[in-house]
Amino acid sequence: MLVSGQRVLMGDGSVKMIENLLPGDTVLDWKGNVQTVEGVMCSKIDPIGRKFYKYNQKLTMTETHPMYSVDTNFYCMGNPRQFWITSIQYVGQYFQIKRDYNWGTNIEKIKELTVGTQIASYENEYETITSIEEVVPDDGWAYNHKVSGSGTYVVEGLCVNAWPNERFDYTAWV
């Protein structure tokens, strides 16, 4: 989940704060393709039990929220072998929580994020992770989205996976 106050690259090239995204909005993925926001989830941050990290002094999200890399893998700070999370099943414009569900991407595609990892950014570019810092979010709210197509969008210049699309071929996307 991503904390409020972060900038999302919209389908028309403008920028919108993540807390203002609504179903039907369009966003851009790292290839510059327009994707549609299909669902939004907002939850109060539990200060106990969730770790948040800030990457390159700009992008803040939970330890298990994945980013997409130019090597076609997903990266997160959480233990990739324990990437079982409470899943959120999309129903209409809202999410319904399910328990003990792996989000569908091959576990071998989920790697541990470290300084030096190259994360997709925008228009087929990449950005190297140069700093990772554990932080405590300011306002206590976090957001997750369901996005069409690749399920990715650009937040603070980095390609974040909103919700993996099991039918999308990420290996052919490079």
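The following conversation goes through the fold, cores, salt bridges and backbone of a predicted model.

Me: What kind of model is this, and which cut-offs apply to it?
Reply: This is a predicted model, in which local features need pLDDT of at least 70 and side-chain atom pairs count only at pLDDT 80 or more, while totals for chains, interfaces and linings use all residues. Residues are numbered from 1 along each chain as its sequence is written, and side-chain values use heavy atoms, with hydrogens and water left out.

Me: How many helices and strands does the chain have?
Reply: The chain has zero helices and 18 strands. Both are DSSP runs numbered from the N terminus, helices being H or I runs of at least four residues and strands E runs of at least two.

Me: How much of the chain is buried?
Reply: Buried residues make up 47% of the 174 residues. Buried means under 20% relative accessible area, exposed means over 50%, and partly exposed lies in between (1.4 Å probe, protein chains only). The chain exposes about 8500 Å², and carbon and sulfur atoms supply 48% of that area. Accessible areas come from the Shrake-Rupley method with a 1.4 Å probe, and for residues only the protein chains shown count as cover.

Me: What share of the contacts comes from residues 24 or more positions apart?
Reply: Such residues account for 59% of the contacts with a separation of 6 or more. A contact here means heavy atoms within 4.5 Å.

Me: Next, the interior. Which residues touch the most other members of the largest nonpolar core?
Reply: Met67 and Tyr153 do, in a core of 24 residues. Strands E6 (52-55), E7 (59-62), E16 (141-147), E17 (152-155) and E18 (158-161) are the elements that give two or more residues to this core. A second, separate core of seven residues includes Met1, Met41, Val135 and Ala142. A nonpolar core is a set of buried Ala, Val, Leu, Ile, Met, Phe, Trp, Tyr and Cys residues joined through side-chain atoms within 4.5 Å.

Me: How many salt bridges are there in the whole structure?
Reply: The search finds four. A salt bridge is a side-chain nitrogen of Lys or Arg within 4 Å of a carboxyl oxygen of Asp or Glu. Side chains of opposite charge can pair when their charged atoms come close.

Me: Which residue pairs with Glu156?
Reply: Arg7 does, with the closest N and O atoms 2.6 Å apart. Glu156 lies in the loop between E17 and E18 and Arg7 in strand E2 (residues 7-9), so that distant parts of the chain, 149 residues apart, are linked. Glu156 is buried at 9% relative accessible area, whereas Arg7 is partly exposed at 46%.

Me: And which residue pairs with Lys58?
Reply: Lys58 meets Glu127 in a salt bridge, at 2.9 Å from N to O. Lys58 sits in the loop between E6 and E7 and Glu127 in strand E14 (residues 126-128), so the pair ties together parts 69 residues apart in sequence. Lys58 is partly exposed at 26% relative accessibility, and Glu127 is partly exposed at 22%.

Me: What about Lys16, which residue does it bridge to?
Reply: Lys16 forms a salt bridge with Asp25, the closest N and O atoms being 2.8 Å apart. Lys16 counts as partly exposed at 24% relative accessibility, while Asp25 counts as buried at 16%.

Me: Changing topic to the sheets: how do E4 and E5 run, parallel or antiparallel?
Reply: Strand E4 (residues 26-28) and strand E5 (residues 34-44) run antiparallel and are joined by three bridges. Two strands pair if DSSP finds at least two bridges between them. Val27 has Gln35 in E5 as its bridge partner. The two strands form a hairpin with five residues between them, and Gly32 in the turn has a positive phi of about 85°.

Me: How many bridges join E5 to E16?
Reply: Seven bridges join these antiparallel strands. Lys44 stands opposite Trp141 in E16.

Me: Which residues other than glycine have a positive phi?
Reply: Gln57, with phi near 55°, is one of them, and Glu156, with phi near 50°, is another. Most residues other than glycine have a negative phi. Gln57 is found in the loop between E6 and E7 and is exposed, with a relative accessible area of 56%.
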